[in-house]
Amino acid sequence: MSELLQTELCGIKLNTPIFAASGTFGFGEEFENFVDLKRLGGVMVKCITLKPRRGNDGIRITETPSGMLNAIGLENPGVETFLTKILPRIKDKMNVVVNVSGSSVEDYGELARMLDVDGVAAIELNISCPNVKDGGIIFGTDARQAAKVTAAAKKATKKPVIVKLSPNVTDITTIARACEAAGADCLSLINTLMGMEINVQTWRTTLGNLTGGLSGGAIKPVAVRMVWQTAQAVNIPIIGMGGIRSAEDAAEFFLAGAAAVAVGTANFAEPSVTMKIADDLETYLRGFGLKNIRELVGRLKT
Ligand SMILES: Cc1cc2nc3c(=O)[nH]c(=O)nc-3n(C[C@H](O)[C@H](O)[C@H](O)COP(=O)(O)O)c2cc1C
């Protein structure tokens, strides 16, 4: 592995600062034939809840200009099955970041406690899912609630706690500061932007859930802006995401202040895209005479 991209985040050694974003990469093993999983910083696995969930009814994904709208509804097998059946299979293959969602502060504490086990590199609190009523969005849009959830998780685990922020707020820095003050080790942003599509022939929404989360290339400028604002507001590291499809896209996030990035929607179109981004990012760094990715972080000139 090239030293150019080797870095560290919350005490976790990363071969590259490129993660796979939650909900777009299954449990990682589905991508084994396309990606060298050890070359990823880690895989943020599909969101886990206390009880299994079957997700939303009807159409769950639709393509939009330069992006997609999804309302999966947090379908997952539940934490017990994850711990007994899935984690043992994947834990030696990659850095496993477990994305969790709850409908109460206590749920997040309980999930963090249960996941404080060997093979889990970090826990990512999804306080920002816009697609289910109890999907945490309420925690992600209210600074006091966000702090409570963060504190509950921190109390329950020794693992690094990453809080995933919602872009569906007026001022993301208020929430970011509240999470940092409550003990968050890292922030990840952004989750999807709430959107909607209407079929003008049927006069119904395309998605069964009526609204969904917009992701992909279309949201990148919003995400870069929010990462930049958040990087000015906090001292903990940031994992930037939203519309990354190339090394140049990733470089924007590093310049804005992200210590690492995650790739989501682009994996659907090109399952090996993270490897191409890693290769091209090395070339990009060499082109500027940089010895390590850390030399790019926060270097935006204003
Ligand atoms: C189909 C789909 C499912 C997702 N599921 C989750 C999830 O379970 N938990 C979560 O925190 N984010 C989830 N996300 C959000 C992504 O992890 C990411 O934050 C967002 O899509 C922006 O990145 P992108 O534009 O590269 O996809 C999902 C996104 C998509 C497209």
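**Exercise 1. Helix 7**

How many of the 10 residues of helix 7 (residues 247-256) are buried? Name the residues and find what covers them.

Solution. This is a predicted model.

Step 1. Count. Seven of the 10 residues in helix 7 are buried, which leaves the helix mostly covered.

Step 2. Name them. The buried residues are Asp249, Ala250, Ala251, Glu252, Phe253, Phe254 and Ala256.

Step 3. Look around them. The cover over the buried residues of helix 7 includes three strands: strand 3 (18-20), strand 15 (238-241) and strand 16 (260-263). It also includes helix 6 (220-233) and helix 9 (273-287).

Step 4. Check the end of the helix. Gly257 comes just after helix 7 and has a positive phi of about 125°.

**Exercise 2. Helix 7 against helix 9**

At what angle do helix 7 and helix 9 pack, and which residues meet?

Solution.

Step 1. Take the axes. Helix 7 and helix 9 pack at about 65°, and their axes are 8 Å apart.

Step 2. Give the hand. The crossing of these two helices is right-handed.

Step 3. List the contact. Helix 7 supplies Ala247, Ala250 and Ala251. From helix 9 come Ile277, Asp280, Leu281 and Tyr284.

Step 4. Sort by class. This contact has six nonpolar residues, no polar residues and one charged residue.

Step 5. Recall a rule for the helix. An α-helix has 3.6 residues a turn, so residues three or four places apart point the same way. Now look at the helix 7 side again: Ala247, Ala250 and Ala251 are the residues that meet helix 9.

**Exercise 3. The barrel**

In what order do the eight strands of the barrel run, and is the pairing parallel or antiparallel?

Solution.

Step 1. Trace the order. The barrel closes as 3-4-7-8-9-10-15-16, with parallel pairing.

Step 2. Read the turn. Ignoring direction, neighbouring strands of this sheet are turned by 25° against each other on average.

Step 3. Follow one pair. Strand 15 and strand 16 pair in the parallel sense over three bridges. Here Ile239 stands opposite Ala260 in strand 16.

Step 4. Add a helix. Helix 4 (residues 143-156) packs on the sheet and touches strand 8 and strand 9 (161-164). The direction of helix 4 makes about 155° with that of strand 9.

**Exercise 4. Strand 7 inside the barrel order**

Why is strand 7 (residues 96-100) said to be largely enclosed? Find its partners too.

Solution.

Step 1. Count. Five of the five residues of strand 7 are buried, so the strand is largely enclosed by the rest of the structure.

Step 2. Split the faces. In a regular strand the side chains alternate between the two faces of the sheet. In strand 7, Val96, Val98 and Val100 lie on one side. Val97 and Asn99 lie on the other, and both faces are covered.

Step 3. Find one partner. Strand 4 (residues 42-48) runs parallel to strand 7 and is joined to it by four bridges. Val45 stands opposite Val98.

Step 4. Find another partner. Four bridges join strand 7 to strand 8 (residues 122-126), also in parallel. Asn99 stands opposite Glu124 in strand 8.

**Exercise 5. The open sheet**

Which strands are the edge strands of the open sheet?

Solution.

Step 1. Set out the sheet. Four strands form it in the order 5-6-14-11, with antiparallel pairing.

Step 2. Pick the edges. Strand 5 (61-64) and strand 11 (193-196) each pair on one side only.

Step 3. Add the twist. From one strand to the next, it averages 40°.

Step 4. Zoom in on strand 5. Four bridges join strand 5 to strand 6 (residues 67-70). Ile61 has Asn70 as its bridge partner, and Thr62 has Leu69.

Step 5. Close the hairpin. Two residues sit between strand 5 and strand 6. Ser66, in the turn, has a positive phi of about 60°.

**Exercise 6. Pro88 and the ligand**

Is Pro88 buried or exposed? How many residues surround the ligand?

Solution.

Step 1. Place Pro88. This residue is found in helix 1 (residues 79-90).

Step 2. Apply the cut-off. A residue is exposed with 12 or fewer C-beta neighbours within 10 Å. Pro88 has 11, so it counts as exposed.

Step 3. Turn to the ligand. 26 residues surround the ligand, and the closest are Gly23, Cys47, Ser215, Gly264 and Thr265.

Step 4. Sort the shell. It has 10 nonpolar, 14 polar and two charged residues.

Terms used. Residues are numbered from 1 along each chain as its sequence is written. This is a predicted model: local features need pLDDT of at least 70, side-chain atom pairs count only at pLDDT 80 or more; totals for chains, interfaces and linings use all residues. A residue is buried if 20 or more other C-beta atoms lie within 10 Å of its own, exposed if 12 or fewer, and partly exposed in between; C-beta atoms are placed from the backbone. Two residues are in contact if their C-beta atoms, placed from the backbone, lie within 7 Å. A residue is near a molecule or strand if its C-beta atom, placed from the backbone, lies within 6 Å of it. Ala, Val, Leu, Ile, Met, Phe, Trp, Tyr, Cys and Pro count as nonpolar, Asp, Glu, Lys and Arg as charged, and the others, Gly among them, as polar. Axes are lines fitted to C-alpha atoms, for helices over the stretch in contact, and angles run from 0 to 180 degrees between N-to-C directions. A crossing is left-handed if the near helix is turned anticlockwise from the far one by less than a right angle, and right-handed if clockwise. Two strands pair if DSSP finds at least two bridges between them.
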